[in-house]
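Hi there,

Here is the structure you asked about, ready to open in your viewer. My notes on what turned up follow below it.

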Amino acid sequence: MSMKKPFKNRYILIKIMLIVVVVSLLTATGFLVVSCSNTNYDQSALTIEFSKKIATFTMSKDATIKVERQTKYFVKEEVLPKKQKNIGNMVQYVFENDNSKLTFRVEKEGAITKAGYFLEQGKFETKFDKSDLDFIDNNGKLPNGMQGLENLMLTNVGNNYFKTLAIGEKFDLRLYRNTAIVDNYSSNTSIEPDFNIQADNNEIIDYEKQKENHFVITALKQGVTQLKISYNAIEVLNNDKFYLYNASNKKRDVVITFAIGDGFTNDIQVKTDNKIFDSEFDTVYFENESGSLDLDINGADIVKCNGNTIIGVNDKYKLAILEGANIVEIQKDGKVQYMTIYGAKINIVVNADNLNIGSKINIKVDGIYNILPKISGVYNPTQKHTIGDSPTNGSYLEIVINENVVIKAKYKSQYYYSSNTEFEFDLKQEYIVDGQVQFDLRFFCEWWGSDLNSHRQISHSGVDNNLNAKCNNTYLGCFEKVTIIKK
């Protein structure tokens with residue numbers, strides 16, 4: 001018996017040693033697996049791996065992800081991950097890849113938002129190293145022919161960027177990138193950038209962000225405040241590549257005046273050329289450092305533009321308009337109304353050897369904004385299509401000589417109006433008066449869809465396909481007269 005006890009102790013000791021070795025190996029292996037897994041992914045980047053069944057997103061723990069499914073135009077429902085796991089100081093999210101209008105959005109403090117569309121397969125990586133929100137990339141090359149955009153925006157405020165609220169009242173402010181970021185022009189699955197709001201008086205109103213382009217405004221106390229709205233650049237995975245969509249155009253950042261309490265009105269009618277002036281669409285174009293705009297305001301007591309009082313003659317007021325946002329104040333019957341009017345510089349290039357009869361005249365106008373975008377279910381600019389029972393004209397700039405001769409610009413593009421601003425014509429005798437040619441410019445715009453202001457009625461319930469869209473048209477923008485002098 002005394003000989004067996006040491007043997008038994010030896011067996012227990014060996015067993016303990018084996019357990020220790022196995023545990024140590026397992027721990028080391030686990031460490032190596034974690035370490036190896038961690039080194040497979042760049043901690044300063046977002047890595048996305050698509051297969052036909054799943055989509056895997058790997059990122060640092062201080063980044064957040066949101067996946068959504070578009071159910072209607074401007075309506076999305078959130079999709080939760082199938083599983084989630086930590087990999088060292090990174091985190092990995094796995095979603096089902098059911099190819100049903102899914103979009104993702106990844107945000108990290110101090111970095112440009114990453115977003116995009118689910119794909120059937122592929123591996124993609126993009127760095128969180130672009131912290132400059134005005135960063136411009138791609139040399140203007142974007143997918144779906146989206147190059148050359150001015151990066152404007154639309155709002156639901158109204159035709160003069162002015163909103164009156166009672167104290168305590170709330171307003172759902174909705175914002176849209178003028179030319180939407182979409183997967184393609186058929187399905188129109190959209191992605192919005194991150195919008196920013198800056199108020200000059202935070203005691204008058206409060207605002208709370210609901211989504212990237214939706215804010216709830218709450219009126220706090222009597223007074224007037226202006227909100228300046230811009231949006232950041234956003235990097236989007238589209239058509240198997242990441243593209244950087246630029247930040248908003250600073251010259252077109254939206255300025256909204258909110259008036260809270262008593263003493264304000266939104267009922268003063270402002271017209272130009274016998275039509276209601278619409279600040280969102282009627283940009284004032286000019287060649288010099290400033291331009292002029294004639295407004296008809298019936299019965300106004302005081303009119304100010306950028307703080308300067310304007311003297312009217314027979315209810316007509318000539319305003320000096322600067323590039324960018326101009327603030328107009330109108331007082332009538334003891335109440336005040338504000339409006340924002342935008343000015344933009346254009347460049348008119350005239351090529352003509354002389355002003356002899358029969359001479360070939362070439363004119364190019366640069367600087368026209370793509371002011372009416374394609375917006376899903378609401379506006380779809382037409383193309384020039386003259387064959388068939390339903391001909392359409394497209395949208396283009398026009399020259400009007402002596403108030404009766406209309407010359408249309410060469411038509412090049414359905415969606416990018418700035419391309420449809422070049423003219424070529426032969427000079428005729430009736431065009432010349434006192435050795436010069438004078439003409440007006442006007443922009444003809446045609447679209448399938450709803451009335452011009454319909455984007456302002458988009459609500460949380462979204463927009464359906466417009467299967468009975470009618471063809472609409474109007475003239476947008478205000479231009480000064482152009483003179484060509486005979487040399």
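Leu-441 is a good residue to click on to begin with. Leaving aside residues up to four places away in sequence, Leu-441 touches Ile-348, Val-365, Leu-397, Glu-398, Ile-399, Phe-479 and Val-482. Please keep in mind that this is a predicted model.

Leu-441 also belongs to the largest nonpolar core, a set of 46 residues. Together with Ile-363, Leu-372, Ile-399 and Phe-439, Leu-441 is among the residues with the most contacts inside that core. Five strands each supply at least two of the core residues: β32 (360-366), β36 (396-401), β38 (422-426), β39 (436-449) and β42 (482-485). The top contributor is β39, which gives 7 residues. Apart from this core lies another, of 30 residues, including Ile-197, Ile-204, Leu-227 and Ile-260. As general background, nonpolar side chains in soluble globular proteins tend to be buried together.

Now to the fold as a whole. The protein has 42 strands and 1 helix. Of its 487 residues, 49% count as buried. Taking contacts between residues at least 6 apart in sequence, 69% join residues at least 24 apart. About 24,500 Å² of the protein is exposed, and carbon and sulfur atoms supply 48% of that area.

One sheet you may like to trace is an open one of 6 strands, in the order β27-β26-β29-β30-β24-β41, with mixed pairing. Its edges are β27 (308-310) and β41 (478-479), each of which pairs on one side only. Within the sheet, β26 (residues 302-305) and β29 (residues 324-332) run antiparallel to each other over 4 bridges. If you want to find that pairing on screen, look for Ile-302, whose bridge partner in β29 is Gln-331.

In case you were wondering about cysteines, a search of the whole structure finds 0 disulfides. Two cysteines have contrasting surroundings: Cys-471 counts as partly exposed, at 33% relative accessibility, whereas Cys-478 is buried, with a relative accessible area of 11%.

Finally, a word on confidence. The mean pLDDT of the protein is 88, and 87% of its residues reach 70 or more. Residues 1-8 have pLDDT below 50, and this stretch makes 0 contacts in the model beyond near neighbours in sequence. Residues 25-37 are also below 50, with 4 contacts beyond near neighbours in sequence.

Happy to go through any of this with you.

Best wishes

Technical notes
Residues numbered from 1 in each chain as written. Predicted model: local features only at pLDDT ≥ 70, side-chain atom pairs only at ≥ 80, totals over all residues. Heavy atoms only, no water. Core = buried A, V, L, I, M, F, W, Y, C linked by side-chain atoms within 4.5 Å. Buried < 20%, exposed > 50% of the residue type's maximum accessible area, 1.4 Å probe, protein only. Contact = heavy atoms within 4.5 Å. Pairing = 2+ DSSP bridges. pLDDT = per-residue confidence, 0-100. Disulfide = S-S within 2.5 Å. Areas by Shrake-Rupley, 256 points an atom, 1.4 Å probe, with all protein chains shown as cover.
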